[in-house]
Structure formats: structure tokens, C-alpha cells
Amino acid sequence: QVQLVESGGGLVQPGGSLRLSCAASGRIFAINDMGWYRQAPGKQRELVARITGGGTTTYADSVKGRFTISRDNAKKMMYLQMNSLKPEETAVYYCYAEVALGIISTRDYWGQGTPVTVSS
């Protein structure tokens, strides 16, 4: 009933930039926190950045100053601008959202992931 679809991943050279997008659709009363996570091969999924409904942001220390998370509540979209990318940031990037299905009901949703490869 609720879908999160990521786009914007791909191959980029070290030092390059990419912009990821996440589109939410379905029976959504409201979207609370949203975030980007990533999972590299053989590693656990880790937080990259999160943003509250009011726009307060949190970043992993490793991406501070290089990545920017943003959202457009009217369009139910979230973005991640990634600059100065490093090879070790090669991973599948996942969109996350805490969706309010009603006044008191919330549920966590994940997208299917978009791969990012940083390589020369």
C-alpha cells in the first residue's frame, strides 16, 4: 500500500557527485522521519542521513560537509546530494520512511535500494 522508490544511483568517479531521489506513494496520512541508509558488500546497513518532518537533519560523521539530505513534503519526495564521493562509499543506498497511516498508526517502510559505485 505504501511504496518507496529510489532513483539516481549509478557509476561515478572518485570525487564526483550524485543526487539520489526517493518517491513515496500510496495510502499515506503523513510522513514523519525519513532517511538514507547504505549497505556495502559484506557489511551491515548503516545510517547515512536522516531528516524529520520539520526538516531537522542528522548525518553520519563520515559524510558531514559532503552530503546534504532534503525533502519536499508536498511532493512526498526526499533527496540526497552526495559530493566528493569516495570509493569506500560504494554501496546500495536505501530510502527509509516512518509513515503515519492514520492519526495513531505508524509503520516503517524501505525502498528496494539503488546501487552507487564509486570507481575510476
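Biologist: Let's start with Arg38: is it buried or exposed?
Modeller: Relative accessible area decides: buried means under 20%, exposed over 50%, and partly exposed in between (1.4 Å probe, protein chains only). Arg38 has a relative accessible area of 7%, so it counts as buried. Keep in mind that this is a predicted model, where local features need pLDDT of at least 70 and side-chain atom pairs count only at pLDDT 80 or more, while totals for chains, interfaces and linings use all residues. Residues are numbered from 1 along each chain as its sequence is written, and side-chain values use heavy atoms, leaving out hydrogens and water.

Biologist: Fine. Which residue forms a salt bridge with Arg38, with the closest N and O atoms 2.7 Å apart?
Modeller: First the rule: a salt bridge is a side-chain nitrogen of Lys or Arg within 4 Å of a carboxyl oxygen of Asp or Glu. The count by that rule is five. At 2.7 Å, the partner of Arg38 is Glu46. Glu46 is partly exposed, because its relative accessibility is 37%. Arg38 also meets Glu89 in a salt bridge, at 3.4 Å from N to O. Glu89 sits in the loop between strand S8 (77-82) and S9, while Arg38 is in strand S4 (residues 30-39), so this pair ties together parts 51 residues apart in sequence.

Biologist: How are those strands assigned?
Modeller: They are DSSP runs numbered from the N terminus: E for strands, at least two residues, and H or I for helices, at least four.

Biologist: And what else does Glu89 bridge to?
Modeller: Arg66, at 2.5 Å from N to O. That salt bridge links distant parts of the chain, 23 residues apart: Glu89 in the S8-S9 loop, and Arg66 in the loop between strand S6 (57-59) and strand S7 (67-72). Glu89 is buried because its relative accessibility is 2%, and Arg66 is buried too, at 12%. Through shared partners, the salt bridges join Arg38, Glu46, Arg66 and Glu89 into one network.

Biologist: Which of these residues does Ser62 touch?
Modeller: Contact means heavy atoms within 4.5 Å. Not counting residues up to four places away in sequence, Ser62 touches Arg38 and Glu89. Ser62 is in the loop between S6 and S7, and its 43% relative accessibility makes it partly exposed.

Biologist: What about Glu6: how far away is the nearest side chain of opposite charge?
Modeller: That side chain is Arg45, 7.5 Å away, and Glu6 is buried yet has no salt bridge. For charge, Lys and Arg are positive and Asp and Glu negative, with His and the chain ends not counted. Glu6 lies in strand S1 (residues 2-7). A polar atom of the Glu6 side chain lies 3.1 Å from the backbone nitrogen of Gln112, and one lies 2.9 Å from the backbone nitrogen of Gly113. Beyond its neighbours within four places in sequence, Glu6 is in contact with residues including Cys22, Trp36 and Cys95.

Biologist: Last one: which residues form the nonpolar patch on the surface?
Modeller: Patch members have over 30% relative accessible area and no salt bridge; like charges are joined within 9 Å, nonpolar side chains (Val, Leu, Ile, Met, Phe, Trp, Tyr) within 5 Å. Here Phe29, Ile103 and Ile104 form a nonpolar patch, together offering about 450 Å² of accessible area. Ile104 is exposed because its relative accessible area is 82%. Look for Ile104 in the loop between strand S9 (91-100) and strand S10 (106-110).

How values were computed:
Accessible areas come from the Shrake-Rupley method with a 1.4 Å probe; for residues, only the protein chains shown count as cover. A polar contact is a pair of N or O atoms within 3.5 Å; within protein, one must be able to donate a hydrogen and the other to accept it, and residues adjacent in sequence count only if both atoms are side-chain atoms.
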